[in-house]
Amino acid sequence: MNLIEELRWRGMLHDFMPGTEELLASEMTSGYIGFDPTAKSLHIGNLATIMLLVHLQRAGHKPFALVGGATGMIGDPSGKSAERNLLSEEVLRENQEGIKNQLEKFLDFNCGANSAEIVNNYDWFKDFNFLDFLREVGKHITVNYMMSKDSVKKRISADEEGDRAEGLSYTEFAYQLIQGYDFYHLYKNKGLKLQMGASDQWGNITTGTELIRRMDGGKAFALVGKLVTKSDGTKFGKSEGGNVWLDPNLTSPYKFYQFWLNLSDEEAEKLIKVYTLLPQEEIEKITEEHKQAPHLRLLQKALAKDVTIRVHSEEDYLAAVDASEILFGKGDLETLKGLKEDILLSVFEGVPQIEVTQADYTNAATVTDLLSELTGGQVFESKGEARRMIKNGGVSVNRQKVQNADEAVNFELLQGKYLVVQKGKKNYYLVSVN
């Protein structure tokens, strides 16, 4: 596989240094991307960058993932309008471990010569004192060179115009030099000749190639992918509730699946190329079928399925599909019973949630009493209203139609504590018995 051609048709390629394509064609090339542990999980914005490493390995080259135990202590100014809050070493270590575990899901660490490797720049920076760094590294790059980088110029010009009072600290200013030294260290000790990343990393990456040239007389290369943005131009990877994380404890597999399912047609057509490994012919086929019947959302479903399985599991994907069906009137009691508690709560997040004591639930004379008085009038304001709707067949509990307004309360509690009440076609309530 030709890496450049693959990234180009997928719409992932932004720029690369002259000679990069020739290098990739001539030898198995070792390349890396850095991930700073600013959170205990990566998000789907990071996943687009991980896919660059995945394609590098699929093309027969050797990928390295650098977890920035050192650079994570400082903060990268690229794409930022303000300085980041610095994290403690303890938090950084916890974040590093979480990121390592996630990277191992996508890269093959046991496939022979081009097996992936994970490195941590704290390993070579922890004993590198400040004066030695200035003497050995700092003298090779001029302030003028560092000032010419877009990430620096934007922050300084904004400060001069009064848009950002905090400006740019020396700590962040020096970030590109530290990242540049990472490239030099890996070039010297691991034989890496290529650094990749998102397009906003171009300045930092080329500082590394320049440092290798000046310190060693060597030749190294840069390749950056396109920043993934939404159709409105804003940064991709966030929902209304914040980042869409790869960690299921931060973004449930159900919410993760729903995020992809709710993409616009334009976004789905673009992102199925970026986030899946489906071949060109198959993507073109799905795209054409989608255009013939857009209401079926074939692009969104294919994308959501592929990414959810690779990030989580097939079991999580199937559970997310079942959960999604419930709100569309599909699925029965067995479907509801099969949902884990966190997924059940995710599905009904935003619907009215009502608490009933165990004693009141046990002592409820009829389902009418339960759905009116004992729920505080939130489902039905009166027994008469409840009776009328039950008589007309408009009420169900746990997907089972309530046939008689005077029937006893004898429902199987989901997860031992929940009832899903549906009034009419679209009104849901989650009753919690505690």
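Trainee: Let's start with Y175. Which helix is its place in?
Mentor: Keep in mind that we're looking at a predicted model. The helix you want covers residues 175-190, and Y175 has its place there. That's helix α10.

Trainee: Is Y175 buried or exposed?
Mentor: Look at its relative accessible area, which is 4%. Anything under 20% counts as buried. So Y175 is buried, at 4%.

Trainee: Where does UniProt place the feature "binding site"?
Mentor: This one comes from the record, and the entry is unreviewed. Y175 is one of the positions given for "binding site". The full set is Y32, Y175 and Q179.

Trainee: What about Q179, is that residue buried or exposed?
Mentor: Q179 lies in helix α10. The cut-off for buried is under 20% relative accessible area. Q179 has 8%, so the answer is buried.

Trainee: Which residues is Q179 in contact with, leaving aside neighbours within four places in sequence?
Mentor: One of them is Y32, which UniProt also lists under "binding site". With the rest added, the contacts of Q179 are Y32, Q195, Q201, N204 and I205.

Trainee: Let's move on to salt bridges. Which residue does K190 form a salt bridge with?
Mentor: K190 is in helix α10, and its partner is in strand β4 (residues 117-120), 73 residues apart. The closest N and O atoms of the pair are 3.3 Å apart. K190 is partly exposed at 40% relative accessibility, and the partner is partly exposed at 25%. That partner is E117.

Trainee: How many residues apart in sequence are the parts that E349 and K255 tie together?
Mentor: Their side chains meet in a salt bridge of 2.7 Å, N to O. E349 lies in the loop between α18 (341-347) and β9 (353-356), while K255 is in helix α12 (residues 253-261), so the parts they tie together are apart in sequence by 94 residues.

Trainee: Which residues are linked with E6 in a network of salt bridges?
Mentor: E6 forms a salt bridge with R10, with the closest N and O atoms 2.8 Å apart. Both E6 and R10 are buried. The network links E6 with R10 and R58.

Trainee: Last one: which helix gives the most to the nonpolar patch?
Mentor: The patch is formed on the surface by F130, L131, L134 and Y170, with about 450 Å² of accessible area together. Y170 is found in helix α9 (residues 170-173), and counts as exposed at 52% relative accessibility. The top contributor gives three residues and covers 130-136: helix α6.

How values were computed. Residues are numbered from 1 along each chain as its sequence is written. This is a predicted model: local features need pLDDT of at least 70, side-chain atom pairs count only at pLDDT 80 or more; totals for chains, interfaces and linings use all residues. Side-chain values use heavy atoms; hydrogens and water are left out. UniProt positions are given in the numbering used here, feature names are shortened, and annotations may be inferred rather than shown by experiment. Helices (H or I, at least four residues) and strands (E, at least two) are DSSP runs, numbered from the N terminus. Buried means under 20% relative accessible area, exposed over 50%, partly exposed in between (1.4 Å probe, protein chains only). Contact means heavy atoms within 4.5 Å. Patches are made of residues with over 30% relative accessible area and no salt bridge: like charges are joined within 9 Å, nonpolar side chains (Val, Leu, Ile, Met, Phe, Trp, Tyr) within 5 Å. Accessible areas come from the Shrake-Rupley method with a 1.4 Å probe; for residues, only the protein chains shown count as cover. A salt bridge is a side-chain nitrogen of Lys or Arg within 4 Å of a carboxyl oxygen of Asp or Glu.
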